[in-house]
Each structure stands twice: as C-alpha cells, then as structure tokens.
Amino acid sequence: AAPAPKPIVLQAPAPARVQVEENYGPAEPYTYGYQSTDEQGNTLSRSETSDGSGAVRGSYSYTDANGLNRIVEYVADAGGYRATVKANEPGTANANPADVQVNNEN
C-alpha cells in the first residue's frame with residue numbers, strides 16, 4: 001500500500017503593524033476651481049474656498065448642451081453640511097429632502 005499523503009498546512013502571514021499619524025496640523029486657507037466644456041458642449045465647473053478655520057464653502061455645476069443645468073452650492077462647517085440645489089431639469093420640484101434645499105428654476 002502507498003503511504004498516506006502528508007496534509008498541506010497553510011499559514012496566514014502575521015498581520016502587519018501599521019502606525020497611523022493623526023497630527024494633520026492646523027487647517028490652511030485655500031481657493032481652487034475649474035471649468036471645462038467637452039466636445040458635445042456639456043460644461044462642468046467646481047469652486048471651493050476655505051478660510052483656514054476648517055469651514056468650507058463651494059459649488060459645483062453641470063450644464064448640458066441643451067441648457068439643462070444643476071448647480072449645487074454648499075457650506076460645510078461646525079454646523080454640518082448644508083446644500084442648496086438649483087436646477088431647471090424636468091421632473092425636479094421645489095423640495096427640501098435631507099436638509100437640502102432644491103429650487104426648480106423652470
């Protein structure tokens with residue numbers, strides 16, 4: 001009779017130890033933005049500023065070649081994240097879901 005095969009033993013490597021550095025230092029003021037238009041005539045834009053206190057204010061938007069658009073303006077600070085959506089898209093209605101203001105501009 002043939003000898004019994006030896007069992008295969010798999011061992012997982014020891015977990016890696018990771019040290020996380022959580023000292024990010026003070027917030028720095030910044031401003032940035034962009035706007036681009038693609039080959040179909042759709043336009044995307046974004047802008048944002050921070051005053052260095054950790055508060056952020058900005059907006060982003062999309063406008064298609066037919067003039068349908070959506071603009072989101074937001075503030076993120078000690079009071080949380082708050083946004084207002086302005087759009088002329090069909091099917092949107094003035095509403096305030098999840099503490100977001102939606103204004104249909106048709």
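Which backbone nitrogen does the side chain of N88 reach at 2.7 Å? The backbone nitrogen of N69 is the one, and we will come back to this residue once the strands around it are in place. The model is a predicted one, in which local features need pLDDT of at least 70 and side-chain atom pairs count only at pLDDT 80 or more, while totals for chains, interfaces and linings use all residues. Residues are numbered from 1 along each chain as its sequence is written, and side-chain values use heavy atoms, with hydrogens and water left out.

Let us begin with the strands, which are DSSP runs of E of at least two residues, numbered from the N terminus. Strand β1 (residues 30-37) pairs with strand β2 (residues 43-50) in the antiparallel sense over 8 bridges; two strands pair if DSSP finds at least two bridges between them. Along this pairing, S36 stands opposite L44 in β2. The two strands form a hairpin with 5 residues between them, and G41 in the turn has a positive phi of about 95°. Moving on, β2 and β3 run antiparallel and are joined by 8 bridges. Here T43 has T63 in β3 as its bridge partner. The hairpin of β2 and β3 has 5 residues between the strands, and in this hairpin G52 takes a positive phi near 95°.

Just past β3 (56-63), in the loop that leads to β4, we meet D64. D64 is buried and has no salt bridge; R70, the nearest side chain of opposite charge, is 11 Å away. Buried means under 20% relative accessible area, exposed over 50%, and partly exposed in between (1.4 Å probe, protein chains only). A salt bridge is a side-chain nitrogen of Lys or Arg within 4 Å of a carboxyl oxygen of Asp or Glu, and for charge Lys and Arg count as positive, Asp and Glu as negative, with His and the chain ends not counted. What the side chain of D64 does reach is the backbone nitrogen of N66, at 2.9 Å. Leaving out residues up to four places away in sequence, D64 touches G41 and N42, where touching, or contact, means heavy atoms within 4.5 Å. G41 is the turn residue with the positive phi in the β1 and β2 hairpin.

R70 itself sits in strand β4. R70 counts as partly exposed because its relative accessible area is 39%. Beyond four places in sequence, the residues R70 touches include Y60, Y62, V85 and E89. R70 and L44 are 26 residues apart in sequence, with their C-alpha atoms 9.9 Å apart in space.

Next comes the largest nonpolar core, made of 5 residues: V56, V72, Y74, A83 and V85. β4 (69-77) and β5 (80-87) each supply at least two residues of this core. Such a core is a set of buried Ala, Val, Leu, Ile, Met, Phe, Trp, Tyr and Cys residues joined through side-chain atoms within 4.5 Å. Y81 is also found in β5, but a relative accessible area of 47% is why Y81 is partly exposed. Outside its neighbours within four places in sequence, Y81 is in contact with V72, Y74, V75 and A76.

That brings us back to N88, in the loop between β5 and β6 (100-104). N88 is buried because its relative accessible area is 19%. Besides the backbone nitrogen of N69, its side chain reaches the backbone oxygen of G67, at 3.2 Å.

Key. Helices (H or I, at least four residues) and strands (E, at least two) are DSSP runs, numbered from the N terminus. A polar contact is a pair of N or O atoms within 3.5 Å; within protein, one must be able to donate a hydrogen and the other to accept it, and residues adjacent in sequence count only if both atoms are side-chain atoms.
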